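Subject: Structure for your review

Dear colleague,

Please find below the structure that I am passing on to you. I would be grateful if you could look through it alongside the notes that come after it.

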Protein chains: 2
Amino acid sequence: MAGPRTPGQRAGLTRDTVLKTARDVLTERGLDGLTMRHLASRLGVAPNALYSYVANKTALVDDLLDDVLADVETPAPDSADPTGDLSVVMTSTFSVLLGHPDLVPLYLARQGARGPNAQRLGEVMLHLLAAAGLTGTAAHEARRVLIVFTIGFAALATPAPVEPEAAPPLTADDVSGNFRRGLQWLLAGILGGPAVSGS
Amino acid sequence: MAGPRTPGQRAGLTRDTVLKTARDVLTERGLDGLTMRHLASRLGVAPNALYSYVANKTALVDDLLDDVLADVETPAPDSADPTGDLSVVMTSTFSVLLGHPDLVPLYLARQGARGPNAQRLGEVMLHLLAAAGLTGTAAHEARRVLIVFTIGFAALATPAPVEPEAAPPLTADDVSGNFRRGLQWLLAGILGGPAVSGS
DNA sequence: CTTGCTTATTGTACAGCGTTCAGCTAAATT
DNA sequence: AATTTAGCTGAACGCTGTACAATAAGCAAG
């Protein structure tokens, strides 16, 4: 990985290795530790070499965000229990997000990912909501509620950036149970609830 | 506000003017535009002059975050309708957050504010939940759910950072209605089975 | 086998960031 | 009036993301 090279010599980088190493750096050094320079040095390469594979740092992070969502399990297309499937999808999303705590705040800062994986997930959710009887605006609203709730909770479960000061325990398990209960409330409201009249 | 000063001369800064100007800069130039250097030049002052009033940029932002929460209306202490009051508090928090979109992502990145205003709000919520019959762990969980939901929704209502690309309108009104419905679902779930009547 | 084109990579550099240190001087204190 | 305190400046450090021009490796064509 290390090599003193003169200009023109190749290092054999790949877009995939760049992204993968970026993920590694992120989990090891945190969000602040993910700098183009550090990533480059990790790859044994000059910083600007990365720009052959990534338009800029924002694009890199966007790709990272979407990559992570690839791990979310989506249920078999035509199940008999859309509500349960919905619960599974959200719970899976939640736990996937928990696996990459540093990224979570970024999802909210950018209002969710926009890549293909995110889009696919969004469509799966709409499909399940339709199977449960919700369409149109109501379905979009419900989806938004579920997404916000899930990402938001993952953000809260993330370990605090600094200050070990008087840190309340708040283990990931605690938050997970908390998440599951809140999710049930939401699903009950969304699917069963009393008339959601105009208001 | 503008003045070429020689070393030793004072500019008459105040912690309050610094914070207030920081808020202005934030709303005008966004989060990326809020730099110590820009803030300083706006105050007609060398960048490092700010460090007499603020420990560092993080502390500055922390103060900003907590300041905003001062505008949240909290209900009269001993109401007969804690559920309704809870709804009022959360809705008020939501609209206050909407007024400062640039700050919202930071709340999540830092897992909520930690200043006195945030603390007060948190205690008000616990008080209302207790009045509604929830104490102990259940109350803390419920509070967490409500906070996540509220901040998360505010984050989603925030206008996207860049890309006007095919942006769905998603007006603040839309999101507000959405928020209110989701909130009802949560409250219904939190406070035990039956639908929440009031509000 | 050579010629030429494309592209990955380097060195250098720029502008900007948060922050620290040392000095100066106006204001506050004694 | 003398002395301390504190607000402010100038300069600098190390860091960031990124643009530009030069170089050489790889590849396609003659």
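The notes below take the DNA strands in turn and then the helix packing.

Please bear in mind that this is a predicted model.

DNA strand D

DNA strand D is surrounded by 26 residues, and the closest are A:Arg37, A:Tyr51, B:Ala11, B:Ala46 and B:Asn48. Of the atoms of DNA strand D that come within 4 Å of the protein, 54% belong to sugar and phosphate. By class, the surface near this strand comprises eleven nonpolar, nine polar and six charged residues.

Three polar contacts from chain B may be of use to you when you inspect DNA strand D:

- The side chain of B:Arg5 has an N or O atom 3.0 Å from a phosphate oxygen of DNA strand D.
- In B:Tyr53, a polar side-chain atom lies 2.7 Å from a phosphate oxygen of DNA strand D.
- B:Arg10 addresses a base: a polar atom of its side chain is 3.0 Å from a base nitrogen of DNA strand D.

DNA strand C

Around DNA strand C there are 27 residues, of which A:Arg10, A:Ala46, A:Asn48, A:Tyr53 and B:Arg37 come nearest. Sugar and phosphate make up 57% of the atoms of DNA strand C that come within 4 Å of the protein. The surface near DNA strand C divides into ten nonpolar, eleven polar and six charged residues.

Here, too, some individual contacts can be listed:

- A backbone N or O atom of A:Gly12 is 2.8 Å from a phosphate oxygen of DNA strand C.
- For B:Met36, a backbone N or O atom lies 2.9 Å from a phosphate oxygen of DNA strand C.
- B:Thr35 has a side-chain N or O atom 3.2 Å from a phosphate oxygen of DNA strand C.

Helix packing between the chains

Helix H7 of chain A and helix H7 of chain B, each spanning residues 136-157, have axes that come within 8 Å and cross at roughly 115°. H7(A) and H7(B) are therefore roughly perpendicular to each other, and their crossing is right-handed. On the chain A side, the contact involves A:Arg144, A:Val145, A:Val148, A:Phe149, A:Gly152, A:Phe153 and A:Leu156. They meet B:Arg144, B:Val145, B:Val148, B:Phe149, B:Gly152, B:Phe153 and B:Leu156 of H7(B). By class, this contact has ten nonpolar, two polar and two charged residues.

Helix packing within the chains

In chain A, helix H6 (residues 116-131) packs with helix H7 (residues 136-157) at an angle of about 125°, their axes being 10 Å apart. That angle makes H6(A) oblique to H7(A). The crossing of H6(A) and H7(A) is right-handed. H6(A) contributes A:Gly122, A:Glu123, A:Met125, A:Leu126 and A:Leu129 to the contact, while H7(A) contributes A:Ala139, A:His140, A:Ala142, A:Arg143, A:Leu146 and A:Ile147. Seven of these residues are nonpolar, two are polar and two are charged.

In chain B, helix H4 (residues 82-98) and helix H6 (residues 116-131) pack at an angle of about 155°, with axes 8 Å apart. H4(B) is thus roughly antiparallel to H6(B), and the two cross in a left-handed sense. From H4(B), B:Pro82, B:Asp85, B:Leu86, B:Val89, B:Met90 and B:Thr93 meet B:Leu121, B:Val124, B:Met125, B:Leu128, B:Leu129 and B:Ala131 of H6(B). The contact of H4(B) with H6(B) consists of ten nonpolar residues, one polar and one charged.

Yours sincerely

Terms used: Residues are numbered from 1 along each chain as its sequence is written. Chains are lettered from A and ligands numbered from 1 in the order in which they are written. This is a predicted model: local features need pLDDT of at least 70, side-chain atom pairs count only at pLDDT 80 or more; totals for chains, interfaces and linings use all residues. Side-chain values use heavy atoms; hydrogens and water are left out. A residue is near a molecule or strand if one of its heavy atoms lies within 4 Å of it. A polar contact is a pair of N or O atoms within 3.5 Å; within protein, one must be able to donate a hydrogen and the other to accept it, and residues adjacent in sequence count only if both atoms are side-chain atoms. Ala, Val, Leu, Ile, Met, Phe, Trp, Tyr, Cys and Pro count as nonpolar, Asp, Glu, Lys and Arg as charged, and the others, Gly among them, as polar. Axes are lines fitted to C-alpha atoms, for helices over the stretch in contact, and angles run from 0 to 180 degrees between N-to-C directions. Helices (H or I, at least four residues) and strands (E, at least two) are DSSP runs, numbered from the N terminus. Angles under 35 degrees count as roughly parallel, over 145 as roughly antiparallel, 65 to 115 as roughly perpendicular and the rest as oblique. A crossing is left-handed if the near helix is turned anticlockwise from the far one by less than a right angle, and right-handed if clockwise. Contact means heavy atoms within 4.5 Å.
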